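Subject: Structure handover

Hello,

Here is the structure you asked about, with my notes on it underneath. Please have it open while you read.

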Amino acid sequence: MAAEKRPASNAFGSSQLVVKRQKSNIDLSDGRAVTVSNSNASGGTLIHATYGQCDNFGVLTGHKGAVLDLQWSRDSRVLFSSSADMTVASWDLESGLRIRRHEGHEEVINCLDVSKRGEEILVSGSDDGYICIWDPRQKRSIDDMETGFPITAVALAEAGNELYSGGIDNDIKVWDMRKQSVIYTLSGHTDTVTSLQPSPDTQALLSYSHDGTARTWDIRPFAPVDRQIKSYVGAPPGLEKNLVRASWNSKGDRIAAGSGDGTAVVWEAQSAKLLYKLPGHRGTVNDVRFAPGNEPISK
């Protein structure tokens, strides 16, 4: 299992961390900060205030490859990142210091998620075909699951009993975390699945794929065999085929996704009606998130 996997090479990262950070009085727990990861080889992560002048008050550097996914800890004091340098990292946002460099994957780590209940754990998906499970307090993964295909999207259920994964085989697999086995498969996408997120009410799963569609799926127990609910069009992946992400708003009545045409796309969840295509970017929009409450979306 995890102990038998070859560790990531030290050539991809240094034990020394260069931190460029200004003193800030911003309270990270009140939703007034947003993180933006770059997509180039410098591997830095920028932290911005979301009010006032939207100043950049922190730069976290240490990854030796592109930062591909970011997740907040439950208390918003720690930031977790996954990178093309084959490592997961945890960062203390008060000090700007890297807490730990988590090693275990053998290829690019595309995606990351954090448990919502119980003991805080991380799950990550990689081009090595493994889903690794991490205790943030430990350097090495505590367990892993072999899937047979590169993994490009992972998401944990609210209760933590199920894990959703997507990859280059176009299918979404639903795993029993205790047995570490696939319970059922959601089929319908015709290209790589790049994003997965359960709905706020935990009844549906949102996915996005390189086939250019976002879809919702019924993940309730004892749901019908055909679990697909809606399909949403209008957000093409573009020629670059980046790992485009999609998200729900806090009420679960709106869905947003990035797009290869430089826009952020918003739909009405129930009807699948396209509400907005928000322009402004000159390249692919890789991720779109709704701020809590009635705040604007971030892209």
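R101, E103 and K139 are linked in a network of salt bridges. Keep in mind that this is a predicted model, and that every value below is computed from it.

Two members of that network also belong to a hairpin. Strand β8 covers residues 98-103 and pairs with strand β7, residues 87-92, in the antiparallel sense. Five bridges hold the two strands in register. E103 of β8 is the bridge partner of T87. Five residues lie between the strands of this hairpin, and G96 takes a positive phi there, near 80 degrees.

Salt bridges

The structure holds 13 salt bridges in total. Three pairs are worth going through one by one.

K116 and D113 meet through their side chains at 3.0 Å, N to O. D113 is buried, with 7% relative accessible area, whereas K116 is partly exposed at 35%.

D211 and R215 form another salt bridge, at 3.5 Å from N to O. Here the acidic residue, D211, is partly exposed at 22% relative accessible area. R215 is buried, at 11%; the cut-off for buried is under 20%.

The third pair is D261 with K277, where the closest N and O atoms are 2.9 Å apart. What does this pair tie together? D261 lies in the loop between β22 and β23 (264-268), while K277 is in strand β24, so the salt bridge connects parts that are 16 residues apart in sequence. D261 is partly exposed, with a relative accessible area of 39%, and K277 is partly exposed too, at 34%.

The four-stranded sheet

The strand that carries K277 is part of a sheet. Four strands make up this open sheet, in the order β21-β22-β23-β24, and their pairing is antiparallel. In general, strands of a sheet pair through backbone hydrogen bonds, either parallel or antiparallel. Which strands form the edges? They are β21 (246-248) and β24 (274-278), each of which pairs on one side only. On average, neighbouring strands of the sheet are turned by 15 degrees against each other, direction ignored.

At the β21 edge, three bridges join that strand to β22, residues 254-257, and the two run antiparallel. W248 stands opposite I255 of β22.

Rings and cysteines

How many aromatic pairs does a search of the whole structure find? The search finds one. There is also a contact between a charge and a ring: the charged end of R227 sits over the ring of Y184, 4.0 Å from the ring centre.

On the cysteine side, the structure holds zero disulfides. A disulfide is a covalent bond between the sulfur atoms of two cysteines. Are C111 and C132 buried or exposed? C111 is buried, with a relative accessible area of 1%. C132 is buried as well, with a value of 0%.

For a quick look in the viewer, I would start with these places:

- the network of R101, E103 and K139
- the salt bridge of D261 and K277
- R227 over the ring of Y184
- W248 opposite I255

Regards

Conventions:
Residues numbered from 1 in each chain as written. Predicted model: local features only at pLDDT ≥ 70, side-chain atom pairs only at ≥ 80, totals over all residues. Heavy atoms only, no water. Pairing = 2+ DSSP bridges. Axes fitted to C-alpha atoms, helices over the stretch in contact; angles between N-to-C directions. Phe/Tyr/Trp six-rings, centres within 6.5 Å; stacked < 30°, edge-to-face > 60°. Lys NZ or Arg CZ within 6 Å of the ring centre and 35° of its normal. Disulfide = S-S within 2.5 Å. Buried < 20%, exposed > 50% of the residue type's maximum accessible area, 1.4 Å probe, protein only. Salt bridge = Lys/Arg side-chain N within 4 Å of Asp/Glu carboxyl O.
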